[in-house]
Amino acid sequence: MTAVQADLVRSDLDLPEGLTLDTPRVEDGAAIWRIARDSKTLDLNSSYSYLLWCRDFAATSVVARDADGGPVGFVTGYIRPELPETLVVWQVAVDHAWRGRRLAATLLDGLVGRVAELGVRGIETTITPDNTASNRLFTSFAERHDAPLEREVLFHGGLFPDGAHEPEVLYRIGPLGPRADRT
């Protein structure tokens, strides 16, 4: 993304006072793991996986930093190998102290604006039916971006080996961009 594009993305975002959006660094892995753990909603991955995520998928992830530079929210994602125009959003979480300020939406908008230069024109994510906040986040994202949204069960609960698990519903959003560009 050029500096001009970055300024346009930043100006369009409703970032709470004192926060900045940034690319995650390996040093952020522990804080991101704690935010995920404290969310009480996400499936918590190993702390090691968050370190790897910050190293290997930093270009397709984003963190919100407070005035001291510490992460207070994040979105992790990756480009789907079979569909290189698709960003798969893996996890979204915001520290309790920063909730209720639309930070998750701002993080998601910022990340999608940044990965557009990689040719991303759509998003996929999975959400369990009981995760009302994520359902609202991605539904409102599609509405804000005037993009189609499709839902279907991707993994039914019986596929998970660790006991009772809600089904994971696949959300497909896109194509993104001006209506005139959509085919």
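**Exercise 1. Decide whether Arg25 is buried, partly exposed or exposed in this predicted model, then do the same for its salt-bridge partner.**

Step 1. Start with Arg25, whose relative accessible area is 40%. The partly exposed class lies between the buried limit of under 20% and the exposed limit of over 50%, so Arg25 is partly exposed.

Step 2. Now find the partner. Arg25 forms a salt bridge with Glu27, and their closest N and O atoms are 4.0 Å apart.

Step 3. Classify Glu27. Its relative accessibility is 63%, so Glu27 counts as exposed.

**Exercise 2. Work out which parts of the chain the salt bridge between Asp28 and Arg65 links, and whether the two residues are buried or exposed.**

Step 1. Check the pair itself: the closest N and O atoms of Asp28 and Arg65 are 2.6 Å apart, and the two form a salt bridge.

Step 2. Place each residue. Asp28 sits in the loop between strand 1 (20-22) and helix 2 (29-39), while Arg65 belongs to strand 2 (residues 62-65). The pair links distant parts of the chain, 37 residues apart.

Step 3. Look at accessibility: both Asp28 and Arg65 are buried.

**Exercise 3. Find what the salt bridge between Glu150 and Arg172 ties together, and which network the pair belongs to.**

Step 1. Begin with the distance. In the salt bridge of Glu150 with Arg172, the closest N and O atoms are 3.9 Å apart.

Step 2. Locate the partners. Glu150 is in strand 6 (residues 149-155) and Arg172 is in strand 7 (residues 168-173), so their pairing ties together parts 22 residues apart in sequence.

Step 3. Compare with the accessibility classes. Glu150 counts as partly exposed at 47% relative accessibility, and Arg172 is partly exposed too, at 31%.

Step 4. Follow the shared partners. One network of salt bridges joins Arg80, Glu82, Glu124, Glu150, Glu152 and Arg172. For the wider picture, the structure holds 12 salt bridges.

**Exercise 4. Describe how helix 4 and helix 5 pack, and say which residues make the contact.**

Step 1. Take the geometry: helix 4 (residues 103-115) and helix 5 (residues 132-144) pack at an angle of about 50°, their axes being 10 Å apart.

Step 2. Name the arrangement. This angle makes helix 4 oblique to helix 5, and their crossing is right-handed.

Step 3. List the contact. Helix 4 contributes Ala104, Ala105, Leu108, Asp109 and Val112, and helix 5 contributes Leu137, Phe138, Phe141 and Arg144.

Step 4. Sort these residues by character: seven are nonpolar, none is polar and two are charged.

Technical notes
Residues numbered from 1 in each chain as written. Predicted model: local features only at pLDDT ≥ 70, side-chain atom pairs only at ≥ 80, totals over all residues. Heavy atoms only, no water. Salt bridge = Lys/Arg side-chain N within 4 Å of Asp/Glu carboxyl O. Buried < 20%, exposed > 50% of the residue type's maximum accessible area, 1.4 Å probe, protein only. Helix = DSSP H or I, 4+ residues; strand = E, 2+ residues; numbered from the N terminus. Axes fitted to C-alpha atoms, helices over the stretch in contact; angles between N-to-C directions. Parallel < 35°, antiparallel > 145°, perpendicular 65-115°, else oblique. Left-handed = near helix turned anticlockwise from the far one by under 90°. Contact = heavy atoms within 4.5 Å. Nonpolar A, V, L, I, M, F, W, Y, C, P; charged D, E, K, R; others polar.
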